[in-house]
Amino acid sequence: MIDSSDINQTRRELLIGGALSATAVALPPMACAQGPDTGEGGAATTPAPVTARVALRVNGQRYEMVLDTRTTVLDMLREHLHLTGTKKGCDQGQCGACTVIVDGRRINSCLSLAVMHEGADITTIEGLGTPQKLHPLQAAFVKHDGYQCGYCTPGQICSAVAALDELRHGIPSHVSPDLGAQPLLSPMELRERMSGNICRCGAYSNIIDAITEVAGAAGKGYPA
């Protein structure tokens, strides 16, 4: 007669063995203690980063730096130039918090390498206005409460400046009904053009009000 305790013990051993086998299959092979990158003493060595000299202008000032070629525009601004107004949000180009203006066009600075912009002219939120003399969009954001926590605001304002410039130059968007006509200043157009900038506080309607007011005050170039 088979003892039930023996059956339970065997079942537990089977489950444990199965779990260990599954784990072993899922894990990658362990690295060798000594590989091709190890030195004479057996200690692993990391190759020095590849660097390049980059010269560009940021907010009207010329800078020349030697950077790791993997350095993004965002990290160059924050870590090397200490311009921390540009924010690091998702670091994947999805939230828009890092938006800056490069040669008149807005980009997600977390997705662009600094070495790609030799000789470029970059404008960040610090270059648009100062506490003593706000840019019209900065003042409008304050007036219309277009920010709450403020984290996304620098990217929102830089994006809005570039969006209005796109409208002024007749550049259509995905919702423009006639690609050959001057795009209209409408909530639909502005929402589409600002869709790459996420506001986790949900101040979207106030942001649109602020942009609309500035565009209206500018007058020419923004058909109603």
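# A guided tour of a predicted model

This predicted model holds 10 salt bridges.

Visitor: In what order do the five strands of the open sheet stand?
Guide: The five strands form an open sheet, and their pairing is mixed. From one strand to the next, the twist averages 40°. The order is β2-β1-β5-β3-β4.

Visitor: Which strands stand at the edges of the sheet?
Guide: Look for a strand with a single partner. One side of such a strand is left without a neighbour in the sheet, because there is no second partner. The two edge strands are β2 (61–68) and β4 (105–108).

Visitor: Which residue in β4 is the bridge partner of Val100?
Guide: Start with strand β3, residues 99–102. Strands β3 and β4 pair in the antiparallel sense, over four bridges. In β4, the bridge partner of Val100 is Ile107.

Visitor: What angle does the direction of helix α2 make with that of β2?
Guide: Helix α2 covers residues 73–80 and packs on the sheet. Helix α2 touches β1, β2, β3 and β5. Its direction and that of β2 make an angle of about 105°.

Visitor: At what angle to β3 does helix α5 run?
Guide: Helix α5 spans residues 153–168. This helix lies across β3, β4 and β5. Its angle to β3 is about 40°.

Visitor: How many residues does the largest nonpolar core have?
Guide: In soluble globular proteins, nonpolar side chains tend to be buried together. Here, helices α3, α4, α5 and α7 each supply at least two residues of the largest core. Leu137, Phe141, Ile157, Leu164, Leu190 and Ile211 have the most contacts inside this core. Its residue count is 24.

Visitor: How many residues are in the other core, the one with Leu56?
Guide: This other core lies apart from the largest one. Among its residues are Leu56, Val73, Ala120 and Ile122. The number of residues is 15.

Visitor: Within what arc do the buried residues of α4 fall?
Guide: The buried residues in α4 are Leu137, Gln138, Ala140 and Phe141. Look down the axis of α4: these residues line one face of the helix, because they fall within an arc of 165°.

Visitor: Is Arg62 buried or exposed?
Guide: Arg62 forms a salt bridge with Glu64, and their closest N and O atoms are 3.3 Å apart. Glu64 has 44% relative accessibility, so Glu64 counts as partly exposed. For Arg62 the relative accessibility is 51%. The cut-off for exposed is over 50%, so Arg62 counts as exposed.

Visitor: How many residues apart in sequence are the parts tied together by Lys88 and Asp75?
Guide: The side chains of Lys88 and Asp75 meet in a salt bridge, at 2.8 Å from N to O. Lys88 lies in the loop between α2 and β3, whereas Asp75 is in helix α2. So the pair ties together parts whose separation in sequence is 13 residues.

Visitor: By about how much of the helix are Arg168 and Asp165 separated?
Guide: Their side chains meet in a salt bridge, at 2.8 Å from N to O. Arg168 is partly exposed at 41%, and Asp165 is partly exposed at 26%. The two are three residues apart in helix α5, so they are separated by about one helical turn.

Visitor: Which residues are joined into one network by salt bridges?
Guide: In this network, salt bridges share partners. The residues joined are Arg106, Glu166, Glu189 and Arg193.

Conventions. Residues are numbered from 1 along each chain as its sequence is written. This is a predicted model: local features need pLDDT of at least 70, side-chain atom pairs count only at pLDDT 80 or more; totals for chains, interfaces and linings use all residues. Side-chain values use heavy atoms; hydrogens and water are left out. Two strands pair if DSSP finds at least two bridges between them. Axes are lines fitted to C-alpha atoms, for helices over the stretch in contact, and angles run from 0 to 180 degrees between N-to-C directions. Contact means heavy atoms within 4.5 Å. A nonpolar core is a set of buried Ala, Val, Leu, Ile, Met, Phe, Trp, Tyr and Cys residues joined through side-chain atoms within 4.5 Å. Buried means under 20% relative accessible area, exposed over 50%, partly exposed in between (1.4 Å probe, protein chains only). The arc is that of the directions from the helix axis to the C-beta atoms. A salt bridge is a side-chain nitrogen of Lys or Arg within 4 Å of a carboxyl oxygen of Asp or Glu.
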